[in-house]
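User: Please take a close look at one part of this structure, a small sheet and what packs on it. After that, add a short account of the salt bridges.

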Amino acid sequence: MQEKIKVLIIDDDQELCSIIDKYLKNADYAAEFAHTGAGGLKLALTGDYHLIVLDIMLPQIDGLSILTEIRKESVVPVLMLTAKNEEADKIRGLQLGADDYLTKPFSMAELMARIESLVRRYTQFNQADRLAKTLTLNHLSIDVQNRLVLLHGIYLELTVKEFDLLYFLASHKGQIFTKRQIYQQVWGEAYAYDDNNIMSFISKLRKKIEPKALPAPFFIQTIRGVGYRFNPRG
């Protein structure tokens, strides 16, 4: 019997959680809930989840602090829930390692679509791509099947979206992509004109993979006025 997808919801709005629970059960997901920051953090660090949905505004410990602790231990996908117009919280969440965010109020259809997209990429990142096994580019090694990245033999901790972004660009090295194309390929949905999201992920990824001695990025290059490409000499 196939194991159910396990989703952890950390949100103090119990009425909202009850609604989410019904939708997750209808999708045959197993859901667990925490209504305080402390309780959510404990579950997040001890449970084995395929996805965590995390509200920013929580009693005891805020969502951004919880995300920081999660990223010290795990690369599980994290979908952040933010209040309307809290742009700074969205950007901060992405910088700390969130894979996606959703602004309240939202529809259950959109929430489920984002959950399914993140779970799908986490559990089976394109079965055909797994056949590629490993990409070796300069001193960067990308193990596709095990979703591992090594730089000079040292393991790099990447989030799900960071890995997807890196693999997409690296597997098409030398090819230039616009932000729209990157968003559609990596996020798997229509472009939302959210340049800050893509730029934030590119920035975080560069900090992890780029040689610190170089004055300009080597692996992921910016093509001014167009988009990005993976160095053809990589």
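Analyst: In this predicted model, strand 11 and strand 12 (residues 227–230) run antiparallel and are joined by 4 bridges. One pairing within this stretch is that of glutamine 221 with arginine 229, its bridge partner in strand 12. The sheet they belong to is open and has 3 strands, in the order 10-12-11, with antiparallel pairing. Strand 10 (177–178) and strand 11 (220–223) are at the edges; each has a single partner strand, so one side of each lacks a neighbour in the sheet. Helix 7 (residues 160–170) packs on this sheet and touches strand 10, strand 11 and strand 12. The direction of helix 7 makes about 75° with that of strand 12.

Now the salt bridges, for which the count comes to 11. One of them joins aspartate 11 to lysine 104, with the closest N and O atoms 3.0 Å apart. Aspartate 11 is in the loop between strand 1 (6–10) and helix 1 (14–26), while lysine 104 is in the loop between strand 5 (100–103) and helix 5 (108–124), so the pair ties together parts 93 residues apart in sequence. Aspartate 11 is buried, at a relative accessible area of 1%, whereas lysine 104 is partly exposed, at 21%. Lysine 104 also forms a salt bridge with aspartate 55 (3.3 Å, N to O). That second pair links distant parts of the chain too, since aspartate 55 lies in strand 3 (residues 51–55), 49 residues from lysine 104. Aspartate 55 counts as buried, at 5% relative accessibility.

Notes
Residues are numbered from 1 along each chain as its sequence is written. This is a predicted model: local features need pLDDT of at least 70, side-chain atom pairs count only at pLDDT 80 or more; totals for chains, interfaces and linings use all residues. Side-chain values use heavy atoms; hydrogens and water are left out. Two strands pair if DSSP finds at least two bridges between them. Helices (H or I, at least four residues) and strands (E, at least two) are DSSP runs, numbered from the N terminus. Contact means heavy atoms within 4.5 Å. Axes are lines fitted to C-alpha atoms, for helices over the stretch in contact, and angles run from 0 to 180 degrees between N-to-C directions. A salt bridge is a side-chain nitrogen of Lys or Arg within 4 Å of a carboxyl oxygen of Asp or Glu. Buried means under 20% relative accessible area, exposed over 50%, partly exposed in between (1.4 Å probe, protein chains only).
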